[in-house]
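User: I am new to reading protein structures. Please take one part and go through it closely with me, then show me how it sits in the rest.

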Amino acid sequence: MNTPHPLQGTARRAGLVYLLLCFIGPINAIYIPNTYVVSGDPAATAQRILADELVYRLGAISGFASNIVFLVLALMLYQLFRDVHRGQARLMVALVGISVAIEIGNLVNQFAPLMFLKPRDYLAVFTTEQLQALALCFVRLNRLGVYLAMVFWGLWLLPLGSLVIRSGFFPKWLGWLLILGGITYAALGLTFLVFPAYGPMVSNVAMPFYAAGELLMIFWLIFAKLRTT
């Protein structure tokens, strides 16, 4: 008779939370900037934001929600792996915590354009064009914050991958894929911060690598039976 692994339920719940993160995370990280930001055109960006302000605000709120889910996921994975190597499990949670702190603090930059684009008496000293330029500056600053957080999106996968390899109840190749994805994420974030002109090129090259490990990890957590050693 096959006995279920005692952590099977924890793994499945973590996988479902991980899957939820995959659905809500891209809303603010991908959909909002691609929909509202017109590169190099402050007036067009301002027009798009003001024309659909509620969705823009909800996008920012989804960013807050996704980071709370990310933190919950890290704590659930800590429960799953704490007996494998407690130090690395703690490091994983700490790196997620840094990422979450950066992302939530960075939401201020996302809300700032709404302050500049709404008529207020104390902004009367600025022209409309200047306010639109300031709004776009904060949108760009928000993107820089995302790239900084992206470095930690990669770094947390390094201890996670190591824990998967050590655990004995996941295949070792899955851990190596997570480590590869982590290196790719971190390299991509650093490229956008240090060599922004090369960011899109590196993104196109890195795209097949940085998500494969996480997607397979989600599948394994939800559907596969944990091994016993």
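Analyst: Here is a close look at the salt bridges, followed by the pocket, the cavity and the surface patch.

Start with the whole. This is a predicted model. The protein has nine helices and zero strands. Read along the sequence, the pattern is α-α-α-α-α-α-α-α-α. The C-alpha trace spans about 75 × 30 × 25 Å along its principal axes. There are 229 residues in the protein, and 48% of them are buried.

**The salt bridges**

Side chains of opposite charge can pair when their charged atoms come close. How many salt bridges does the count come to? It comes to three.

Take Glu53 as the starting point. Glu53 forms a salt bridge with Arg57, and the closest N and O atoms are 2.9 Å apart. Both residues lie in helix α3. They are four residues apart, about one turn of the helix.

Is Glu53 buried or exposed? Glu53 has a relative accessible area of 16%, so it counts as buried. The cut-off for buried is under 20%. Arg57 has 34% relative accessibility, so Arg57 counts as partly exposed. Partly exposed is the class between the buried cut-off and the exposed one, which is over 50%.

Glu53 has a second partner. Lys118 forms a salt bridge with Glu53, with the closest N and O atoms 2.8 Å apart. This pair links distant parts of the chain. Lys118 is in the loop between α4 and α5, while Glu53 is in helix α3, and 65 residues separate them. Lys118 is partly exposed because its relative accessible area is 31%.

Now the remaining pair. Arg86 forms a salt bridge with Asp83, and here the closest N and O atoms are 3.5 Å apart. Arg86 has a relative accessible area of 36%, so Arg86 is partly exposed. Asp83 is exposed, because its relative accessible area is 69%.

Which residues are joined into one network by salt bridges that share partners? They are Glu53, Arg57 and Lys118. Glu53 is in the bridge with Arg57 and also in the bridge with Lys118.

**The largest pocket**

Next, the open space. The largest pocket holds about 1,100 Å³. Seven elements are named as giving two or more residues to its lining: α1 (8–36), α3 (53–81), α4 (86–117), α5 (128–155), α7 (172–194), α8 (199–210) and α9 (212–223). The largest share comes from α1, with 10 residues.

In total, 39 residues line this pocket. Pro26, Ala29, Ile30, Met150 and Trp153 lie nearest its centre. By class, the lining has 23 nonpolar, 12 polar and four charged residues.

**The cavity**

A pocket is open, but a probe in a cavity cannot get out. The count comes to one cavity of 30 Å³ or more. The largest cavity has a volume of about 100 Å³. Its lining is made of Asn28, Ile32, Pro33, Val37, Tyr56, Asn109, Gln110, Val139, Asn142 and Arg143. At least two of the lining residues come from each of α1, α4 and α5. Five of the lining residues are nonpolar, four are polar and one is charged.

**The surface patch**

Finish on the outside. A nonpolar surface patch of about 940 Å² is made by Leu141, Leu144, Leu148, Leu190, Leu193, Val194, Phe195, Tyr198, Met201 and Val205. Helices α5, α7 and α8 each give two or more residues to this patch.

Look at one of its members, Leu148. Leu148 lies in helix α5. Leu148 has 39% relative accessibility, so Leu148 counts as partly exposed. Patch residues need over 30% relative accessible area.

Compare Leu188. Leu188 is in helix α7. Is Leu188 buried or exposed? Leu188 is buried, because its relative accessible area is 3%. How far apart are Leu188 and Leu148? They are 40 residues apart in sequence and 10.0 Å apart in space, C-alpha to C-alpha.

Methods: Residues numbered from 1 in each chain as written. Predicted model: local features only at pLDDT ≥ 70, side-chain atom pairs only at ≥ 80, totals over all residues. Heavy atoms only, no water. 1 Å grid on protein atoms, 1.4 Å probe; cavity = no way out; pocket = protein on both sides within 12 Å on 5 of 7 lines; lining within 4 Å. Points joined across faces, edges and corners; volume = space filled by probe spheres on them. Nonpolar A, V, L, I, M, F, W, Y, C, P; charged D, E, K, R; others polar. Patch = residues over 30% accessible without salt bridge, like charges linked within 9 Å, V, L, I, M, F, W, Y side chains within 5 Å. Areas by Shrake-Rupley, 256 points an atom, 1.4 Å probe, with all protein chains shown as cover. Salt bridge = Lys/Arg side-chain N within 4 Å of Asp/Glu carboxyl O. Buried < 20%, exposed > 50% of the residue type's maximum accessible area, 1.4 Å probe, protein only.
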